[in-house]
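Trainee: Could you take me through a close look at one part of this model, and then connect it to a few other places worth inspecting?

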Amino acid sequence: MPRPLDGIRVIDLSNGPAAGIATMVMADFGAEVIKVEQPSGDPFRSMPSAPMWLRGKQSVALDLALPEGQERLKALVATADVVVSSYRPGSDREFGADYETLRQGNPGLVFTHVTAFGPNGPLANLPPYEPVVAAKGGRMMAFEGTAPRTGPVFSALQVTHHAAAMATVMGTVGALVARERTGEGQLVETSLLQGLMPYDMAGLAIASLMARDHDKWKDAVPPGAISRMPTINYQPVMAADGKWIQLGNLLQHLFDNFVASADLADIFADERFQGSPAGWKEEDREAFRDRMFTRMREKDSAEWQRIFVENGGVVSTIFQTTQDALSDPDMVDNGHVVEFEGGRKLIGPVARMTATPAEVTANVPEVGEHQSVLDQPREAWQPNVTSGPQGGALHGITVLDFSTIIAAPLGCTHLADLGARVIKVEQIGGDPWRWMGNGSLGAIKTNGGKESISVDLKSPEGQEVVRRLMAQADVMVHNFRPGVPARLGMSYQHAVAENPGMIYVNVNGYGTLGPSAHRPATHPIPGAALGGATWQTGVMPTGTSIPELREGARRLFRANEVNPDPNTSAVVAATVTLALYARANHGVGQEIFVDMMGANAYANWDDFLWYEGKEPRPGLDEDLRGTGPLNRLYETQDGWAVLCLPLEVEWEEFCRLAAPDLATDSRFTSRTSRADHAEALTEILVTLFGQRPADEWERLLGGAGLGCVRADGPGPGDYWHTAEQVAANTFKETVHHTRHGEMERHGPMARMHGTPNTIASAPLAGEQTDAILTELGYDAGEIAALRASNVVWSEDAVPVTTG
């Protein structure tokens, strides 16, 4: 079968996993990926995850410090469609590997540059390492309280790599889609810092609104993290066998299902426990929490899961490690694990595309294995049009977003940022996320740049509205459970009957092919099931008294934060761009399946593979300071700094600048010897870092391009609102919201230089209902009748007093 990127040649000038995962995805989906390495190879080839992100590529070795190496690179790029680079800003020019040099003679070239903090600003020269970006961007402060202490917590899961990789895919492939329309390539920029954008759900919005009216918005800031307990709906509980189960019953009907299945239904007759647990009195809520702990200790985890699965409407999973997840039936059955000879297991395709599926190989090239490709002639892409740039990359594409809450809606916002017209089709009353806590601000995040129409999808009149919408759309995205779209007259079969070229994206929790296909899921479920939360917890709690269970649940809840939803969003957007290019390349629409479990396998990219001799994932210490002496938080004279030195050359430079005696200490002269004496090295570095302020360490080491920054700065919202680095790269923009007025939102995950991004605020629920109905051919009388019969609806725009 054809693949989306058949005929596309990608020159991979990157080192390491962030851009490496992106080019791996491109290879999976048909691109010819040629990795250009220095003669000694990518310095990150020794990473345990390298067999995953090197797969499916060719390798050529060029010494770009020499003029002849630069000439050979230029000749190779002249035959290419795409270059993906991870050079630090400015350094690419030294090696003849910059955009302006390489695009000469190849105006159709798409050049995607992946950096740590963006091309401009005081942090531009820092290395693209997860701990560095997470610390500076406030993510480690967001975890404060996971361990029972103040200060930042080392964030283990490498989400900026995942999101930046998906941004690289969506930006690059989006630029290829635009090239079909404009006849021109362009520069695309993304960064690990932009990879943090999806995980700040409402922080920037709150910070910008507080700056305008502090008294009005001060209560929108959540309470202190250290003492915060989970919501009852998202409660982790320990079973009789000592295993922890994550509950995720966000919506009231799901919570009621859990109460009934756990044989706690007597509360339904108790007036203290009516409605959502969020509305119960605190003493009643905490009494019920303790009762939950006691009840769940009465059966083993497997028995509880059997009960919950048989019920079908209870959201729950057992906490696993990422290695456990490689054998999870849902992961295997949905193709997220691909097994090769010798028992090797690699992550599967990022999505299941039915007409243009991916093909995964375990082949990893040796350095320079494919030198002959340098001498093979190939014609560069020739444009069929000369219209020039017009609108965003996805200008002219209409997306119907039927999804709710965070994961799929935020993915559609990424598409709106690329220029697509996204119409959110909401139930009467709006997406439930709009009314949950600070969800009104979170919903602004997840619906940026869209229009909204609110329709009763169960009524014949509402289904006629949807039919007309489908006839005019290019893409449909929904997160209904299997079977629901058919009952609503909006299944894939219904869609292609109206529009044969439809790209139809199903987004659900578990995937449609495994034993849990019918089960609901919310964000804590893949966090627990895929191993991210287990890793972030450090040491799984074992105490069985009520106080110990409460503390264990608090720690697990803090570790299992919201990232599984944004992890999925990035995959949704990347997949849609692949499908759009497949349609341009092969003339086919198709049905596509994305699920949260598979998307979060990609977020656990560092450990979601197995082969004989693979190093185990390094664990966090109990105090959650890091995974080893050179990947760790340190207390300084006045705060905290993070240190990340994965390469030998960086260790040598660190010793030269900060600790010359360590360079000659036989315990620390190699990676192996440092691992053997990790405790001793940690003790030395604890003392060393305590001798200077955090900012001085950042100037000394970070200023030399090493991975060291202050780690106890502002949290995410304030960072995005105030940081010089954000302003220098225009990573936030001021937009106007109908209810709240001027406020700030994040910029695009992938900055497009030839087809500018379109950044706008979110609509109120149903804000464009009348305009869209008019566009669909309804007259004023028909629209009034639909409103009178409650087939369509719009939210009142009266300002509210809090988030």
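**A helix and its buried side**

Mentor: In this predicted model, helix H30 comprises the twelve residues 678–689, which at 1.5 Å a residue should span 16 Å, and the distance of 16 Å between its end C-alpha atoms agrees with that expectation. Within H30, the buried residues are Leu681, Thr682, Leu685, Leu688 and Phe689. They lie on the same side of H30, because the arc that they cover around the axis is only 125°. The general background is that an α-helix has 3.6 residues a turn, so residues three or four places apart point the same way.

Turning to a single buried side chain, Gln305 belongs to helix H14, which runs over residues 301–311. Its relative accessible area is 12%, and because buried means under 20%, Gln305 counts as buried. The side chain of Gln305 makes a polar contact of 2.6 Å with that of Ser316. Leaving aside residues up to four places away in sequence, Gln305 touches Ile245, Ser316, Thr317, Ile318 and Arg519.

As for internal space, there are four cavities of 30 Å³ or more, and the largest cavity holds about 200 Å³. It is lined by 24 residues, of which Leu410, Ile444, Lys445, Arg745 and His746 are the closest to its centre. At least two lining residues come from each of helix H10 (203–212), helix H17 (407–417), helix H18 (439–446) and strand E24 (741–746), and H17 gives the most, with four residues.

Key: Residues are numbered from 1 along each chain as its sequence is written. This is a predicted model: local features need pLDDT of at least 70, side-chain atom pairs count only at pLDDT 80 or more; totals for chains, interfaces and linings use all residues. Side-chain values use heavy atoms; hydrogens and water are left out. The expected span of a helix is 1.5 Å times one less than its number of residues. Buried means under 20% relative accessible area, exposed over 50%, partly exposed in between (1.4 Å probe, protein chains only). The arc is that of the directions from the helix axis to the C-beta atoms. A polar contact is a pair of N or O atoms within 3.5 Å; within protein, one must be able to donate a hydrogen and the other to accept it, and residues adjacent in sequence count only if both atoms are side-chain atoms. Contact means heavy atoms within 4.5 Å. On a 1 Å grid over the protein atoms alone, a cavity is a set of points where a 1.4 Å probe fits but cannot get out, and a pocket is an open set with protein on both sides within 12 Å along at least five of seven lines; lining residues have an atom within 4 Å of a point. Grid points are joined across faces, edges and corners, and a volume is the space filled by probe spheres set on the points.
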